[in-house]
Amino acid sequence: PEWRGRFAMVATPLVTTLAGNKGGADSYEVFLGALRTWIGRRGLEALAWSFYGTADALNARVRDSSAFPLFAALHYLIRANGCVRVIETGTARGISTACLASAVAHREGGLVVTLDPFLHSGREELWATLPENFRVCIKTRQVDSLAGMRAALEAGERYEAALLDSLHEAEHVWGEFQLASELVCSGGLILIHDAIY
């Protein structure tokens with residue numbers, strides 16, 4: 001009885017948003033399920049152009065397949081910072097794109113714009129295994145990353161995060177970073193994957 005009404009008196013309670021959030025409660029697990037299905041069909045080497053790729057870009061090494069912690073870090077970094085709109089350079093097979101979509105799909109206006117001048121095999125197959133609310137977040141632009149980012153700037157687009165993962169050469173990454181610093185809102189995230197300096 002002495003606890004009755006105690007929590008109702010808290011001025012700033014933690015409000016859970018699980019009800020009606022379009023699957024946001026465990027969206028990382030949903031992404032992992034789709035990823036495992038896709039890898040099951042294509043083999044581990046399908047991850048060669050991902051965070052788990054080896055230096056030769058032909059193979060992959062996964063030390064913890066129970067959680068894929070590198071993808072988890074990306075997912076929860078985007079989600080924990082409240083990002084809604086994310087731009088990504090270098091779509092490749094679309095694995096990180098799918099991961100990013102899983103992090104923003106539950107948010108109103110969730111969007112992942114991904115830039116790559118090439119179509120890579122397996123991308124559409126992976127994305128087809130994602131739930132509809134993940135897929136509708138993904139917008140592909142078949143364009144070079146620098147040209148695509150310039151066009152986004154000219155169109156007045158703004159993002160809360162950028163994942164730079166296209167051409168891994170210092171000059172190119174620097175160009176992407178400079179454009180991303182204009183596209184990403186103040187306080188946003190700019191993530192760079194595996195650049196060579």
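# Briefing: pocket, cores and strands

The largest pocket has a volume of about 740 Å³. It has 31 lining residues, and Trp49, Asp165, Ser166, Leu167 and His168 are the closest to its centre. This is a predicted model. The chain has 197 residues, and 44% of them count as buried.

**Pocket lining**

- Sorted by class, the lining of the largest pocket holds 12 nonpolar, 13 polar and six charged residues.
- Asp165 and His168 are among the residues closest to the pocket centre.

**Overall layout**

- The chain has seven helices and five strands.
- Along the sequence they follow the pattern α-α-β-α-β-α-α-β-α-β-α-β.
- The C-alpha trace spans about 65 × 40 × 30 Å along its principal axes.
- Take the contacts between residues at least 6 apart in sequence: 73% of them join residues at least 24 apart.

**Nonpolar cores**

- In soluble globular proteins, nonpolar side chains tend to be buried together.
- Here the largest nonpolar core has 38 residues. Phe31, Leu35, Leu47, Phe68, Phe71 and Ile78 have the most contacts inside this core.
- Four helices and two strands each give two or more residues to this core: H1 (27-42), H2 (69-80), H3 (95-104), H4 (123-128), E4 (159-164) and E5 (184-192).
- Another core lies apart from it, with 14 residues. Leu111, Leu115, Leu146 and Leu164 are among them.
- Phenylalanine 71 is one of the residues with the most contacts inside the largest core. Beyond its neighbours within four places in sequence, phenylalanine 71 touches Tyr28, Phe31, Leu35, Leu47, Ser50, Phe51, Tyr52, Ile95 and Cys99.

**Strands and their pairing**

- E1 (residues 85-89) pairs with E2 in the parallel sense, over five bridges. Glutamate 88 has threonine 114 of E2 as its bridge partner.
- E1 also pairs with E4 in the parallel sense, over four bridges. There, isoleucine 87 has alanine 162 of E4 as its bridge partner.
- E4 pairs with E5 in the parallel sense as well, over five bridges. Alanine 162 stands opposite isoleucine 190 in E5.
- Alanine 162 thus has a partner on each side: isoleucine 87 and isoleucine 190.

**How covered the strands are**

- All five residues of E2 (residues 111-115) are buried, so this strand is largely enclosed by the rest of the structure.
- In a regular strand, side chains alternate between the two faces of the sheet.
- In E2, Leu111, Val113 and Leu115 point one way, while Val112 and Thr114 point the other way. Residues on both sides are buried.
- Leu111 and Leu115 belong to the 14-residue core.
- E4 is mostly covered, with five of its six residues buried.

**Two positive phi values**

- Most residues other than glycine have a negative phi.
- Alanine 57 departs from this, with phi near 60 degrees. Alanine 57 sits in the loop between H1 and H2. Its relative accessible area is 33%, so alanine 57 is partly exposed.
- Phenylalanine 68 also has a positive phi, of about 45 degrees. This residue too lies in the loop between H1 and H2. Its relative accessible area is 4%, so phenylalanine 68 is buried.
- Phenylalanine 68 is also among the residues with the most contacts inside the largest core.

**Two buried helix residues**

- Serine 27 is in helix H1. Its relative accessible area is 1%, under the 20% cut-off, so serine 27 is buried.
- Apart from neighbours within four places in sequence, serine 27 is in contact with His75, Arg79, Ser102 and Phe134.
- Alanine 98 is in helix H3. Its relative accessibility is 0%, so alanine 98 counts as buried.
- Apart from neighbours within four places in sequence, alanine 98 is in contact with Phe31, Leu126, Trp127 and Leu130.
- Phe31 is one of the residues with the most contacts inside the largest core.
- Alanine 98 and isoleucine 138 are 40 residues apart along the chain, yet their C-alpha atoms are separated by 7.9 Å.

Notes
Residues are numbered from 1 along each chain as its sequence is written. This is a predicted model: local features need pLDDT of at least 70, side-chain atom pairs count only at pLDDT 80 or more; totals for chains, interfaces and linings use all residues. Side-chain values use heavy atoms; hydrogens and water are left out. On a 1 Å grid over the protein atoms alone, a cavity is a set of points where a 1.4 Å probe fits but cannot get out, and a pocket is an open set with protein on both sides within 12 Å along at least five of seven lines; lining residues have an atom within 4 Å of a point. Grid points are joined across faces, edges and corners, and a volume is the space filled by probe spheres set on the points. Ala, Val, Leu, Ile, Met, Phe, Trp, Tyr, Cys and Pro count as nonpolar, Asp, Glu, Lys and Arg as charged, and the others, Gly among them, as polar. A nonpolar core is a set of buried Ala, Val, Leu, Ile, Met, Phe, Trp, Tyr and Cys residues joined through side-chain atoms within 4.5 Å. Buried means under 20% relative accessible area, exposed over 50%, partly exposed in between (1.4 Å probe, protein chains only). Contact means heavy atoms within 4.5 Å. Two strands pair if DSSP finds at least two bridges between them.
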